[in-house]
Amino acid sequence: MLRLAAKLVAFFWRRADGAEGEEAGQPGPELAEGDAKLKTVQGVVTRYCGDYGMIDDLIYFSSEAVTSKVLLNVGQEVIALVQEDKVSSGLKAIRVEAVSDKWEDDGKNRSRGLLDSSPQVLIGCVTSLMEGAGYISQTTYFSLESVCEGFQPCKGDWVEAEYWIRPGTWISEAISVKPLRYKRVDRVCISSLCGKNGVIDDSIFFTLDSLKLAEGYVPQRHDMVSAVVVESSQSCYVWRALCMTPVKRRDSSAFEETADEFCGALLLKNKGDIEVTRLTNFGTLKEGESKNMVIWIENKGDIPQNLVSCKLAGWDKAKQFRFQMLDKAQTCPAGSLVPIPEKKNFSDKNINFLDSHQKNRTSQASESSLVNNGDISPDDCTCKGENGDKEKATPRKQATELDPGGLIPPGGKTLIVIMCDAKSPGRCRELLLLCFSSFTIGRFLEVNVVSREESLIAVREPFSWKKSKTTPTLTSTKTTVVVTAQKRNSRRQLPSFLPQYPIPDRLKKCVEQKIDILTFQPLLAELLNMSNYKEKFSTLLWLEEIHAEIELKEYNMSGVTLKRNGDLLVLEVPGLAESRPSLYAGDKLVLKSQEYSGHVIEYIGYVIEVHEEEVTLKLNPEFEQAYNFEPMDVEFTYNRTTSRRCHFALEHVIHLGVKVLFPEEIILQSPQVTVNWNNVQDTKRDGQPTSKNWKSTKDQSKHAAKERQAGAQDALGLAAFARKPGNLVNEAQIPKAREKEFFNPVLNENQKLAVRRILSGDCRPLPYILFGPPGTGKTVTIIEAVLQVHRALPDSRILVCAPSNSAADLVCLRLHESQVLRPGAMVRVNATCRFEEMIVDAIKAYCKDGEDIWKASRFRIIITTCSSAGLFYQIGVRVGHFTHVFVDEAGQASEPECLIPLGLVSDANGQIVLAGDPMQLGPVIKSRLAMAYGLNVSMLERLMSRPVYMRDEDAFGACGAYNPLLVTKLVNNYRSHPALLALPSRLFYHRELEVCADPKVVTSLLGWEKLPKKGFPLIFHGVRGSEAREGRSPSWFNAAEAVQVMRYCCLLARGISSQVSASDIGVITPYRKQVEKIKILLRNVDLMDIKVGSVEEFQGQEYLVIIISTVRSNEDRFEDDRYFLGFLSNSKRFNVAITRPKALLIVLGNPHVLVKDPCFGALLEYSITNGVYTGCDLPPELQSLPDCG
């Protein structure tokens, strides 16, 4: 530091001397005003107000004097070039530079490339790539020249880089980049190959765009290969293959010509002097309409050509195209179409595959590029029949394959009439193959079909999403009117000592001026550890707050009118449903009246309910009654309470230390409870020493797994029986001893193991993880564990938390329904801002006791949200108050949020239980910077990536592949049909999920007449519709998919053979505008009871039938790998969506877009190979997949 400061001082003295010399030679106008003298001083900024500041309360400087983009704060050491004015006798700095012990500014030596200080290490993820360069963690630039030899980075790769801050620009730049982790895998099988993307051993992703291959080798499915792989986040995969060599190839003769070669540009070219009509687009047809088009074939050569056959490739599953040959002598006017009377009666087989409207411009553009913009022959024409001609004398054979059986002589022509019956709305493409003796010529047949229902949800007004202009600051007199005190506030007078934790100005400047964030907090570049834990998470929390504040300002509204809903006022906020902006119950906003006579009235309001794009407000009662729809300005404010609690928790969890936050070894503790479990032996030996580490427990774990598996079959049958409605547990089937042992008699063996482990607390204070995939009874297990701890440990104090009110309410409700707890044992503590009308009646009694926090803290079981657990800090509750802390849905909470309840547990004997699924929805984080540096990773997910928690099949293969002392993975799925469970089990859960659902429920729709494959309850319906936006809403919708969703709902709810209740059908779509359009259509057919919502609204729920509308369909804009998939590119959302149904899953989407995503590509592949794909034509990379239908 001293050496660095000495260099800076020496530099400035040199610059000062130089400046004085220059000024002596050429006196400037500034020196003419008074004899000034320059001097360099080092001091501390004591005041700084943005435009000006003071150094040591003596030297004034303006913001213009601050060099480059240096960020200054009060307390910052600086070196200043000071001018002493003899006239004013004052000191003014004409140049100010910050002193840093990390790097130097470019003014110190502009000719130097790198800095004197050693480069810093950055651990991060490649977030973007461009030609010859890329970015790590959003902000650190790297050139491909700095990448280590043999490594070609891809978006999502985890890397270790050395970086420095480039002087003058304040941007970090990597000088070396290498993979963070890599390994070699030998003799593994290519399990999937879909176009350019593939998967090795069901766990390693690869793309042919970046894969290095042995010369001449083309990967094929089922090839045995060896590969070098790097750690990379590729959708649901965590490794990416860098290079691959074959070990054993399949017989190349077994492979047919690939779809890419089959439908390439070569196929579309004219050959053998044969010219074929190029205009083969039917344009837009209405549903039920039919039209004809003539394809001319002309021989312009000197040799006769034999047209052996004409056929369709079968891309169009709805079979809308057919054709026939006409007599060669027939003539027709050029450029015309043959209209056919509209067909009103289609077969029932096809009527359900009608989708919606699309403007067909992209199809023509794609064809012109494929045919190399060739000129169209003047003889090319289409044929239009006229009433009264003798055309009907020519017999017409309608078919999908034609045998013309004749030669086309030199100069001769023949023609084919292509018929299109518009059955399947949306865009569709078919391939026409004209097979000659020695070559084949292909033509794409294209049509866009629109449906009549589309008019109900057509675009109402053009999309014009514009950010609201910032309302200028008014100089008018203001009167502020606040809401009268809420009932809940009057009962809860808590000490308000929670620190503010203000956002540092330097950090705000970094974000606002887009200065590299590492200039403020270089610790972000490091891997998370105990020494940087607080500083790193504090910075990430501030980044999220800055983003929220900036975003909210952009959504301020001007001149809006509120609506009435009874006595309350409702504000419509476009984009709210997509969290643009994010508003929650309890948030504060300001309503401003229009200026009148220089006076403005501000009304402070609070959000009490958020519903789609409307928020219900609680305002001053007098204003609510007097409001007469006057225009108001709206300012949104960010609620910092949860963030401040997170900061506070960060300060107080340090006492937990590495044992909880960064566990490395297991030290066995004496059990909290010694119980002789009847009929099941415990997995831990009695009298185990307490100092053994985790390595010494592997053998015990294997032995424990064998004991656990012994009773699995009995538990499975019992659980399945217990799920049948109306059935009571037969006392003869369950020993009485077991009834006393567990409150819930139908727990399976994994659930019982988890309860015993939690009750014993062998590894406390290390967190115990209950890994609960979809439908495996995670919450049921938590309820049992809470009841057992409450009964067995009379001195226990249990805190049960969840990230959301709905999840916390569910736990409270289930505990209430157990009828085990006596009155006064449990309390539900709500946030101060939560209104009573939002609480279900069954738990209101528990909430009433929670109004008084002091009283609530004395209950033995306390249920609240993670954020509201911070209320206990405010009454002086500190570490050690709770003996047990359960966090349900822990995967949805950010780590700082999860720390709020954990900071209240005993650091010596406290038991922490994290329950959730790291493969389902994670924390909702808006800031891209905060996400890039890890705020979107929950504590549950981070801990499961640590060695002691990691999956290890070699060590723990006999007991679920995880150390049973720390992790129990529930694998019995009580929800879905085997065909629906197979794909998510393979993609996310190592094929370990077991089907335990009630057969009567999950097989109830196997005979539905609309299934493409009877007995297989999955439909992937390809729809090439149009995505659109309207008005001021940024949300997307797809009319074609919306109409098809409505039709499937009608077929299900009003079917004759398999009628499904509307309440048993759920529709998931990622965009709120699509939700709105689907609801309009369902309301039109009187099916309002069907739930329609986003993936987040369906987490934790299940339905007999789930219909998914993916919406995105713009193929032309799809250039960046998964950018235009938007919400769909999140593998966790995908997992939640496809694991909601019990008996039937229907997916609607554009396969040409969805194939780019690994998860949806896998679903497409699964659907095609099982014969359940229907709808539009498939993209070329999927054409060669075998159809087992």
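**View 1. Leucine 914 and its surroundings in the main nonpolar core.** In this predicted model, leucine 914 touches a set of residues from other parts of the chain, once neighbours within four places in sequence are left aside. They are Pro767, Tyr768, Ile769, Leu770, Val887, Ala890, Cys898, Met939, Leu940 and Leu943. Leu914 belongs to the largest nonpolar core, which has 135 residues. Leu914 is listed among the residues with the most contacts inside this core, together with Val177, Leu899, Leu902, Met939 and Phe1134. Apart from this core lies another one, of 37 residues, including Ile783, Cys812, Ala825 and Ile863.

**View 2. The protein chain as a whole.** Step back for a moment to take in the full chain, which has 1189 residues, 55% of them buried. Its secondary structure comes to 33 helices and 52 strands. Among contacts with a separation of 6 or more, 76% join residues 24 or more positions apart. The chain exposes about 51,600 Å², and carbon and sulfur atoms supply 50% of that area.

**View 3. An open sheet with a helix packed on it.** Follow the six strands in the order β49-β48-β50-β51-β45-β52, and you trace an open sheet with parallel pairing. The edges are β49 (1091-1093) and β52 (1173-1175), each of which pairs on one side only. On average, neighbouring strands here are turned by 20° against each other, direction ignored. Helix α25 (residues 978-988) packs on this sheet and touches β45 (1018-1022) and β51 (1141-1149). The direction of α25 makes about 65° with that of β51. Inside the sheet, β48 (residues 1065-1068) and β50 (residues 1103-1109) pair in the parallel sense over 4 bridges. Look for isoleucine 1068, which stands opposite isoleucine 1108 in β50.

**View 4. A barrel of five strands.** Here the strands close into a barrel in the order β6-β7-β8-β10-β9, with mixed pairing. Neighbouring strands of the barrel are turned by 50° against each other on average, direction ignored. Strands β6 (residues 120-130) and β7 (residues 133-136) are an antiparallel pair with 4 bridges. Methionine 130 has alanine 133 in β7 as its bridge partner.

**View 5. Helix α16 and the cis peptide bond in the loop after it.** Helix α16 covers residues 749-760 and has 12 residues. From first C-alpha to last, α16 reaches 16 Å, close to the 16 Å expected at 1.5 Å a residue. Helix α16 is mostly covered, with 12 of its 12 residues buried. Charged names such as Glu749, Lys752, Arg756 and Arg757 are among those buried residues, as are Leu753 and Ile758. Proline 765 is in the loop between α16 and β36 (768-771). A cis peptide bond joins arginine 764 and proline 765, with omega about 10°.

**View 6. The hairpin of β2 and β3.** Strands β2 (residues 52-55) and β3 (residues 59-62) pair in the antiparallel sense over 4 bridges. Isoleucine 55 has isoleucine 59 in β3 as its bridge partner. The hairpin has 3 residues between its strands, and aspartate 56 takes a positive phi near 55°.

**View 7. Two loop residues with a positive phi.** Serine 235 is not a glycine, yet its phi is positive, about 60°. You will find Serine 235 in the loop between β15 (224-234) and β16 (237-248). Serine 235 counts as buried because its relative accessibility is 18%, under the 20% cut-off. Aspartate 1086, also not a glycine, has a positive phi of about 60°. Aspartate 1086 is in the loop between α28 (1072-1084) and β49. With 55% relative accessibility, aspartate 1086 counts as exposed.

Conventions: Residues numbered from 1 in each chain as written. Predicted model: local features only at pLDDT ≥ 70, side-chain atom pairs only at ≥ 80, totals over all residues. Heavy atoms only, no water. Core = buried A, V, L, I, M, F, W, Y, C linked by side-chain atoms within 4.5 Å. Buried < 20%, exposed > 50% of the residue type's maximum accessible area, 1.4 Å probe, protein only. Contact = heavy atoms within 4.5 Å. Areas by Shrake-Rupley, 256 points an atom, 1.4 Å probe, with all protein chains shown as cover. Pairing = 2+ DSSP bridges. Axes fitted to C-alpha atoms, helices over the stretch in contact; angles between N-to-C directions. Expected span 1.5 Å × (residues − 1).
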